[in-house]
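Colleague: I am new to this structure and would like a close look at a single part of it. Please take one strand, describe its surroundings, and then place it in its chain.

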Amino acid sequence: MKTKLVVIILVPLVVFGLSLVLGPKIINPFAMDETSREILFSVRAPRSIVALLMGMALGASGAVLQGILRNPLADPYILGISSGASLSAAIGIIMGLTFLGSFTIPVLAFAGAIFTGSLVGVMGWKRGGLWPERLLLAGVGLSFLFSALLMLIMSVSSDEGLRRATLWIFGDLSMSDWSRIPFGLIFVLGGMLLSMARAKALNALILGDELAHSLGFTPHVERFFLFVSVGLMTSASVSLGGMIGFIGLLVPHMIRFFAGSDSRALIPASAFMGGALLCVADLVSRSILPPMELPAGVVTAIIGSPYFLYLLRRRNVLSV
Amino acid sequence: MKKVTILLAVLLVCVAAQYSHAGETPKRIVSLAPNMTELLFALGLGDRIVGVTSFCDYPEAAKKKPKIGGMSNPSLEAVIALKPDVVVMTVDGNPKEFEERLRSLKIKTFVFRAKRLREFPQGIREMGAVLGAAEKADVLSGEVEKTLERFRTARQPAKKEKVLFIVWPEPLIVAGPGSIADDALTLLGEKNISDDSRTSYPKYSIEEIIRRAPDVIFIGKGKGMERVSKGLLQRLETVPAVKNGKVFYVSDYLYRLTPRTVKGLEELDRYIGRRD
């Protein structure tokens with residue numbers, strides 16, 4: 001167990017270090033000129049930190065969500081939060097809104113995400129509590145609605161606006177600078193601490209509401225707090241850099257395979273691995289075709305999907 | 001020799017047959033691109049235009065024309081309903097399938113093939129010939145050619161300035177090789193730092209900008225562009241262009257080939273400044 005713990009903490013650190021040094025050009029941290037220092041500290045470092053934060057948020061909220069929905073297919077985007085965020089961000093991008101300068105789009109996305117999350121919460125609420133099936137169906141329904149509205153807006157917008165919106169939606173980390181990190185940090189860490197404080201309850205919830213009840217937890221209360229934590233983390237992640245597919249679905253399964261499914265370990269481990277995976281994906285996306293950049297979301301899915309399918313073949317059933 | 005002449009004649013007939021209406025002025029024209037609309041107006045064909053895209057906003061009169069949808073998704077029904085004699089399209093933004101559909105419905109099309117600055121005068125002439133506005137097209141293309149030639153010969157600076165043309169700051173999209181802005185910079189004898197990208201409007205890497213240290217940065221104008229670009233420029237504050245206050249907001253004339261493209265060229269020239 002101890003070695004596993006060391007590995008799980010070491011991997012993101014090593015990846016973070018590599019992502020600073022590697023890139024379109026390798027920077028030797030011991031012999032930097034003015035330009036390299038500038039690139040390392042004000043371009044690569046904030047970008048990699050944002051990638052870590054986003055990946056952590058997605059990995060952890062995937063782990064929590066698969067638990068509360070008792071569904072191995074759940075990922076943070078299934079609740080429609082990302083489609084709400086994409087819709088409001090796309091409206092901002094296409095209409096060229098700039099009321100908050102370069103914070104406009106992240107703030108719009110965050111507002112859209114929180115709004116959608118609350119809406120899903122309201123719809124999933126019945127008889128004094130949140131019900132997993134209701135949450136899931138409300139999320140799926142809303143995300144269909146918002147995707148349709150997004151398509152509608154995109155099909156009536158000019159080609160330039162369309163391309164910008166598409167690039168944002170597929171995940172754009174290139175604009176990450178230091179100024180965004182404090183906000184991301186507050187929401188991601190806040191959500192993570194909340195979910196980890198409730199990890200024991202999540203373990204009980206996975207066994208079923210009746211068992212959870214007899215173990216001394218009030219399922220609806222626990223589910224509410226866990227849902228809030230997922231909402232915070234996912235919203236923060238989408239607003240930091242758009243939609244990054246697959247991390248929330250894949251990473252918790254990888255960790256279960258590797259370190260078991262106790263939520264107390266699963267949540268932080270999924271966070272660390274999620275951060276590491278996104279950091280690698282971003283490194284690849286900005287290094288493979290310089291001076292061009294690819295959307296990081298595309299890279300995570302291309303790296304992630306084959307591995308996921310491989311896991312699926314190796315194990316008979318993927319569980320939560 | 002005689003054979004060659006015959007062959008040429010046959011070829012000519014074939015080309016002419018393709019534009020069976022060549023020389024004859026069509027009465028009802030539908031334009032599927034803003035720059036085509038602008039060019040049609042410049043050729044004095046404005047009053048024959050019966051339909052334009054929703055994005056055709058120049059000249060003012062274009063706004064009042066009936067709309068047929070967007071550039072990449074024009075409505076086939078709307079175009080047919082206008083009973084056009086010819087539909088003017090461009091390879092730079094209109095789907096090829098749409099042209100095939102129109103042709104299968106026996107609607108004549110004229111496809112404007114010029115995409116680069118140097119192809120522009122020829123493109124204008126072809127358009128004039130097919131749409132029966134050859135004289136005006138000759139004048140216009142002559143003017144464009146003269147301006148291009150003037151810049152080509154007048155501007156051969158000893159030291160090339162490194163220039164970056166930003167189309168949109170977030171996400172960062174710049175003018176790469178094959179774009180008109182790149183052609184313009186080359187013509188002015190300057191170096192576009194993003195000319196080794198793989199597409200004409202690449203999503204660009206910020207760290208590459210810092211590394212390549214442009215002397216001049218142009219930013220295409222748009223609504224609120226000063227505010228949108230503020231964050232990016234802060235991050236580029238060590239780049240010579242930003243340090244020396246050589247960041248200029250320019251018009252969007254260089255995004256598509258129009259008669260105003262020449263003005264865009266003059267604008268860049270003015271800002272870079274003559275050093276010789």
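Modeller: What follows takes one strand of chain B, then the chain around it, and then the contact with chain A. The model is a predicted one, and the predictor gives the complex an ipTM of 0.72 and a pTM of 0.80. For chain B the mean pLDDT is 87, with 90% of its residues at 70 or more.

The part chosen is strand 8 of chain B, which covers residues 216–220. Of its 5 residues, 5 are buried, so the strand is largely enclosed by the rest of the structure. A residue counts as buried here when 20 or more other C-beta atoms lie within 10 Å of its own. The side chains of the strand can be sorted by direction: Val216(B), Phe218(B) and Gly220(B) point one way, while Ile217(B) and Ile219(B) point the other way. Residues of both groups are buried.

Next come the strands that pair with strand 8. One partner is strand 5 of chain B, residues 162–168, which runs parallel to strand 8 and is joined to it by 4 bridges. In this pairing, Ile166(B) stands opposite Ile219(B) of strand 8. Another partner is strand 9 of chain B, residues 247–250; here too 4 bridges join the two strands, and they run parallel. Opposite Val247(B) of strand 9 stands Ile217(B). Strand 8 of chain B is thus paired with strand 5 and with strand 9.

Now the chain as a whole. Chain B contains 12 helices and 9 strands. It has 276 residues, and 42% of them are buried. Its C-alpha trace spans about 60 × 50 × 30 Å along the principal axes. Among the contacts in chain B with a separation of 6 or more, 57% are between residues 24 or more positions apart.

Last, the contact with the other chain. On the chain B side, 31 residues are in contact with 29 residues of chain A. The elements of chain B that give two or more residues to this side are helix 8 (206–212), helix 9 (225–228) and helix 10 (230–235). Helix 8 of chain B gives the most, with 5 residues. Sorted by class, the side of chain B that touches chain A holds 11 charged, 10 polar and 10 nonpolar residues. Strand 8 of chain B is not in the list of elements that give two or more residues to that side.

Note on methods: Residues numbered from 1 in each chain as written. Chains lettered and ligands numbered in written order. Predicted model: local features only at pLDDT ≥ 70, side-chain atom pairs only at ≥ 80, totals over all residues. Contact = placed C-beta atoms within 7 Å. Nonpolar A, V, L, I, M, F, W, Y, C, P; charged D, E, K, R; others polar. Buried ≥ 20, exposed ≤ 12 C-beta atoms within 10 Å, placed from the backbone. Pairing = 2+ DSSP bridges. pLDDT = per-residue confidence, 0-100.
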